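Thanks for coming. I will go through one model, starting with its empty spaces and ending with a few single residues.

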Amino acid sequence: MQRVDIRPLKQKLRREIKQWRREMPSEQKKLADGRILGRVTGLREYAECHTLLTYVSLPIEVDTIALILRALAEGKRVAVPRCVEGTREMEFYLIDSLSQLSPQAFGVLEPVREKCERLTDFSGSVCIVPALAYDLSGYRLGYGAGYYDRFLSQYPHPKIGVVYAENVKKALWHGRYDLPVGLIATDWGLIACQPRKNRRRKNDGSGG
């Protein structure tokens, strides 16, 4: 069977979603972000975790700043990612405040290593996973760099996706090594992800 290069299709979908998010009215985004925050913090997985792993949001992403501040206020440990230079790997560092973050590539706020402790023991943690889109089985469309794909392949604890309901698709392409999240929190509700049966789309193996 001839393999189809779906990378152009992924790129097209990425562009469409980014444009949709840029055009989202600020009040609509604020309301959606608040609903997603409430759903994440209402989860048993969140209540029981000792450590929260989360990305630091960019303007077009589901806001996590409020989540970080709330988790810290509740006494949880919070760890955020830093990309390892020259690789496609990322490490998580514990932070006590937003002042320990500094803009890096593309304006992404990352922990300042000299001010933070690297997290190596992930027991008792949950990971908030960003995406441009998710499907109903929990597979994600990322930005294409593959950082989270590599990390999640070695992360055995609960994975919670956050995304706007408008960006949830029935099915997305994924590779054999991609791991789905178990839950997705959207502004419209929670999605308990179900395994895809006999409808898996073939991927060309390209990341994220």
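A word on classes before the cavities: Ala, Val, Leu, Ile, Met, Phe, Trp, Tyr, Cys and Pro count as nonpolar, Asp, Glu, Lys and Arg as charged, and the others, Gly among them, as polar. This is a predicted model, in which local features need pLDDT of at least 70 and side-chain atom pairs count only at pLDDT 80 or more, while totals for chains, interfaces and linings use all residues. Residues are numbered from 1 along each chain as its sequence is written, and side-chain values use heavy atoms, with hydrogens and water left out.

Confidence comes next. pLDDT is the predictor's confidence in each residue, from 0 to 100. The protein chain has a mean pLDDT of 92, and 92% of its residues reach 70 or more. Over residues 198-207 pLDDT stays under 50, and for that stretch the model has 32 contacts beyond four places in sequence, a contact being heavy atoms within 4.5 Å. Where pLDDT is low, the predicted coordinates should not be read in detail.

Now the empty space. Rolling a probe the size of a water molecule over the atoms shows where empty space is left. The work is done on a 1 Å grid over the protein atoms alone: a cavity is a set of points where a 1.4 Å probe fits but cannot get out, a pocket is an open set with protein on both sides within 12 Å along at least five of seven lines, and lining residues have an atom within 4 Å of a point. Grid points are joined across faces, edges and corners, and a volume is the space filled by probe spheres set on the points.

How many cavities of 30 Å³ or more does the whole structure hold? The search finds three. I will take the second largest cavity, with a volume of about 60 Å³. Its lining consists of Asp 33, Ile 36, Leu 37, Val 40, Val 62, Asp 63, Thr 64, Leu 67, Ile 128 and Val 162. By class that is seven nonpolar, one polar and two charged residues. Helix α2 (residues 26-41) gives the largest share of this lining, four residues. Helices (H or I, at least four residues) and strands (E, at least two) are DSSP runs, numbered from the N terminus.

The largest pocket has a volume of about 850 Å³. Thirty residues line the pocket, and Cys 83, Phe 106, Val 108, Glu 110 and Tyr 147 lie nearest its centre. Two or more lining residues come from each of β2 (77-83), β3 (90-95), β5 (109-111) and α5 (147-152). The class split of this lining is 17 nonpolar, five polar and eight charged.

One residue to look at here is Met 90, in strand β3. Met 90 is buried, with a relative accessible area of 10%; buried means under 20%, exposed over 50%, and partly exposed in between, with a 1.4 Å probe and protein chains only. Not counting residues up to four places away in sequence, Met 90 touches Pro 81, Arg 82, Cys 83, Val 84, Tyr 147, Tyr 148 and Phe 151.

On to the cysteines. A disulfide is a pair of cysteine sulfur atoms within 2.5 Å, and the structure holds zero of them. Why is Cys 127 without a bond? The closest cysteine sulfur, in Cys 49, is 11 Å from its own, which is too far. Cys 193 is in no disulfide either, with the nearest cysteine sulfur, that of Cys 127, 14 Å away. Cys 127 is buried at 0% relative accessible area, and Cys 193 is buried at 14%.

Three more residues to finish. Is Lys 76, in the loop between α4 (65-73) and β2, buried or exposed? Lys 76 is buried, at 12% relative accessible area. Beyond four places in sequence, Lys 76 touches Tyr 46, Ala 47, Cys 49, His 50 and Ala 71.

Met 24 sits in the loop between α1 (7-22) and α2, and is buried at 10%. Leaving aside neighbours within four places in sequence, Met 24 is in contact with Lys 29 and Tyr 164.

Arg 39, in helix α2, counts as partly exposed at 26% relative accessibility. Arg 39 and Ile 184 are 145 residues apart in sequence, and their C-alpha atoms are 9.6 Å apart in space. Beyond four places in sequence, the residues that Arg 39 touches are Ala 185, Thr 186, Asp 187, Trp 188, Gly 189 and Leu 190.
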